[in-house]
Amino acid sequence: MGRKNGGREREKSRGKVQSPGERGHLRFDLHIHSSCSDGRDGVEAILEAAIEKDLDGIAITDHDTLEGTFQAEAIVRDKKIDLLVIPGVEVSTSDGHLLALGMRELPPKGRSPEETIEFVHHRGGIAIVSHPYHLFRHAMFRIPPCDAVEVYNSKYIFGIANWWAKKRAESLGLPMVAGSDAHMAKTVGLGVTIVEAEGDRKKGCDVPAILDAIRAGRVEIDGKKTSPSVFVGQMVRWVKRRLLRRPNDRTNGD
Ligand SMILES: [Zn+2]
Ligand SMILES: [Zn+2]
């Protein structure tokens, strides 16, 4: 694994070379699941996909575990991969799913969104409501006081919930981000947030700089919907999982 001619091609594709103090536009998929929770593929395959999609960084946001994040950090460090890993997790709150980024400590599940957000803020992280208003997705149907709203979730093919989430985020003046919510490596990068952050990765751009930029709303969305065939495949897997599930086996998927 490794990125070929990474820096030079990247600068060329962005059209210019940065001067010190200038902000870079970095591409992130902020919502990905690995086999550490209910994703199909392992962390290494996800990192390879992220490189292939020419992302600058990712957040692996497994359900109520930081294991995927820690694995990604270790692989990136050991193999010197040119990707910024934002430590993340998708927390199952009492009202629905919430992405917590910048976390090295796992927020307890089952607490209210407000309590969870307080936990995240006390540890320097940011809280993003994932796929609000989506039916059947453990979604929240309100926007608690958070740092940003996921208004583009590539798994939602009908798009009404994304549209409504955007309306609500706009009226609340909250930053808007995208995520693929990928549960397989091939859908990594279908929801991309472009973050305008201080410096670039080669000039000291780090996780705190990315979190600051999201908090400040220096974000833009770039996304393509999951293709219908991939979506149907995911639905079939989802239904099978639930049909085969034992009555007392509760999962917090999607
Ligand atoms: Zn979710
Ligand atoms: Zn998710």
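1. In this predicted model, alanine 148 touches a set of residues that lie beyond its four nearest places in sequence: Ile126, Ile128, Leu174, Pro175, Met176, Val177 and Ile214. Ala148 is also among the residues with the most contacts inside the largest nonpolar core. One of its partners, Ile128, is listed in that group as well.

2. The largest nonpolar core comprises 59 residues. Besides Ala148 and Ile128, the residues with the most contacts inside this core are Ile46, Ala100, Leu101 and Val149. Helix α2, residues 43-52, supplies the largest share of the core, namely five residues.

3. Helix α2 also packs against helix α3, which spans residues 67-78. Two packed helices are described by the angle between their axes and the distance between the axes. For α2 and α3, the axes come within 9 Å and cross at roughly 60°. The crossing of this pair is right-handed.

4. Which residues of α2 and α3 meet? On the α2 side they are Val43, Glu44 and Leu47; on the α3 side they are Gly68, Gln71, Ala72, Ile75 and Val76. By class, the residues of this contact divide into five nonpolar, two polar and one charged.

5. Two residues other than glycine, in the loops on either side of α3, deserve attention for their backbone angles. Aspartate 64, in the loop between β2 (57-60) and α3, has a positive phi near 55°. Aspartate 64 has 16 other C-beta atoms within 10 Å. That count lies between the limits of 12 or fewer for exposed and 20 or more for buried, so aspartate 64 is partly exposed.

6. Lysine 80 belongs to the loop between α3 and β3 (84-85). Its phi is likewise positive, near 50°. Is lysine 80 buried or exposed? Lysine 80 counts as exposed because it has 9 C-beta neighbours inside 10 Å, and the limit for an exposed residue is 12 or fewer.

7. Helix α6 covers residues 207-215, and its buried residues are Ile210, Ala213 and Ile214. Seen down the axis of α6, these buried residues fall within an arc of 100°, and therefore they line one face of the helix. Ile214 is also one of the contacts of alanine 148 described in the opening point. After α6 comes glycine 217, with a positive phi near 80°.

Conventions: Residues numbered from 1 in each chain as written. Chains lettered and ligands numbered in written order. Predicted model: local features only at pLDDT ≥ 70, side-chain atom pairs only at ≥ 80, totals over all residues. Core = buried A, V, L, I, M, F, W, Y, C linked by C-beta atoms within 7 Å. Helix = DSSP H or I, 4+ residues; strand = E, 2+ residues; numbered from the N terminus. Contact = placed C-beta atoms within 7 Å. Axes fitted to C-alpha atoms, helices over the stretch in contact; angles between N-to-C directions. Left-handed = near helix turned anticlockwise from the far one by under 90°. Nonpolar A, V, L, I, M, F, W, Y, C, P; charged D, E, K, R; others polar. Arc of directions from axis to C-beta. Lists of a residue's contacts leave out its neighbours within four places in sequence.
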